[in-house]
Amino acid sequence: MKKLEIYGDSILRGVIYCPETGRYDLCKKNRFASLAEHGIEAKNNSRMGATIDRGFELLKRNLSNGAEDTVVLLEFGGNDCDFHWADVSANPEGNFQPHTPMERFTETYGEMIRFIKEKGGTPVIASLVPIDADKYMNWITRNLNYQNILRWLGDVSMLSRWQEYYSHLAERLAYEHHCPLLDLRRSFLLTHDYKSMICEDGIHPTRLGHELIDRELFAFCMA
């Protein structure tokens with residue numbers, strides 16, 4: 001590996017929530033300096049709020065033929081599996097679809113993998129960092145009807161189960177397409193310090209969480 005191209009959402013972008021300012025920010029600059037020191041050129045094309053459709057658009061613009069020395073890391077599903085919570089709050093008896101329904105999610109993910117291989121690159125799939133369902137429920141209902149959203153969900157843990165299912169879809173695609181898996185989810189699930197790894201919005205890793213991601217990515221690239 002000489003080049004690492006990363007396509008994902010705000011998790012691999014390095015976004016954290018800062019309660020002191022009430023805003024989102026990047027955890028640090030020069031996030032992949034340690035890879036550069038080992039001769040790997042890393043380019044982070046991840047975008048906050050990105051779904052797999054947007055990620056594929058960026059990939060098609062950026063990746064050219066002759067990418068034999070390039071590993072392309074894909075990390076999608078977190079935004080794809082999310083819902084328009086204001087609509088759910090207004091009509092808890094309604095039938096709602098996530099931003100990217102699971103059928104289109106798996107189909108598009110498969111197309112991305114094939115596209116990378118056609119260009120000569122090596123696709124790698126990242127599992128999803130788990131969410132904190134309690135924190136996320138409190139976050140999405142700040143200005144909405146908590147009970148209505150809870151009624152539609154059935155229970156708060158449905159938030160984490162649903163996100164886990166999209167991670168499972170990504171992991172299954174890695175297996176079906178014979179792609180290496182960067183299992184970020186496992187690293188978070190096994191820590192005894194999990195609550196300190198996730199910001200108060202329930203989704204984004206804290207600085208400690210991003211340090212864990214960086215260690216896992218570095219170990220993966222050096223293996």
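Student: Okay, so a polar contact is a pair of N or O atoms within 3.5 Å, and within protein one must be able to donate a hydrogen and the other to accept it. With which side chain does the side chain of R31 make one?

Tutor: With the side chain of H210, at 3.0 Å. Keep in mind that this is a predicted model.

Student: Where is R31 found?

Tutor: R31 sits in the loop between strand 3 (23–26) and helix 2 (33–36).

Student: And is R31 buried or exposed?

Tutor: R31 is buried: its relative accessible area is 9%, and buried means under 20%.

Student: What is R31 in contact with, leaving aside its neighbours within four places in sequence?

Tutor: With those neighbours left out, R31 is in contact with I11, L12, R13, G14, H210, I213 and D214. So H210 turns up in that list as well as in the polar contact.

Student: Let's switch to S46. Where is S46 found?

Tutor: S46 is also a loop residue, placed between strand 4 and helix 3 (52–62). S46 counts as buried because its relative accessibility is 0%.

Student: What does the side chain of S46 reach at 3.1 Å?

Tutor: The backbone nitrogen of G8. The side chain of S46 also has a polar contact of 2.8 Å with the side chain of N44. Beyond its neighbours within four places in sequence, the residues in contact with S46 are I6, Y7, G8, D9, L12 and R13.

Student: Any pockets to look at? How much space lies in the largest pocket?

Tutor: About 500 Å³. There are 28 lining residues, and those closest to the centre of the pocket are G78, N79, D82, Y136 and I203.

Student: Which elements give two or more residues to that lining?

Tutor: Helix 1 (10–13), helix 6 (133–140), helix 7 (146–153) and helix 8 (158–176). Helix 8 gives the most, with four residues.

Student: How do the residues of that lining divide?

Tutor: Into 17 nonpolar, seven polar and four charged.

Student: And the second largest pocket, which residues line that?

Tutor: R13, G14, L26, C27, K28, K29, N30, R31, F32 and N44. You'll recognise R31 there, and also N44, the side-chain partner of S46. That pocket holds about 150 Å³ of space, and its lining has three nonpolar, three polar and four charged residues.

Student: New topic: strands. In what order do the five strands of the open sheet come?

Tutor: The order is 4-1-5-6-7, with parallel pairing. Strand 4 (41–44) and strand 7 (181–182) stand at the edges with a single partner each, so one side of each has no neighbour in the sheet.

Student: How many bridges join strand 5 to strand 6?

Tutor: Four, between residues 70–75 and residues 122–126. In that pairing, V71 stands opposite T122 in strand 6.

Student: What about strand 2 and strand 3, parallel or antiparallel?

Tutor: Antiparallel, over four bridges, with strand 2 covering residues 15–18. Y17 stands opposite Y24 in strand 3.

Student: What do strand 2 and strand 3 form?

Tutor: A hairpin, with four residues between the two strands. In the turn, G22 has a positive phi of about 70 degrees.

Student: And what do strands of a sheet pair through in general?

Tutor: Through backbone hydrogen bonds, either parallel or antiparallel.

Definitions and conventions. Residues are numbered from 1 along each chain as its sequence is written. This is a predicted model: local features need pLDDT of at least 70, side-chain atom pairs count only at pLDDT 80 or more; totals for chains, interfaces and linings use all residues. Side-chain values use heavy atoms; hydrogens and water are left out. Two strands pair if DSSP finds at least two bridges between them. On a 1 Å grid over the protein atoms alone, a cavity is a set of points where a 1.4 Å probe fits but cannot get out, and a pocket is an open set with protein on both sides within 12 Å along at least five of seven lines; lining residues have an atom within 4 Å of a point. Grid points are joined across faces, edges and corners, and a volume is the space filled by probe spheres set on the points. Ala, Val, Leu, Ile, Met, Phe, Trp, Tyr, Cys and Pro count as nonpolar, Asp, Glu, Lys and Arg as charged, and the others, Gly among them, as polar. Buried means under 20% relative accessible area, exposed over 50%, partly exposed in between (1.4 Å probe, protein chains only). Contact means heavy atoms within 4.5 Å.
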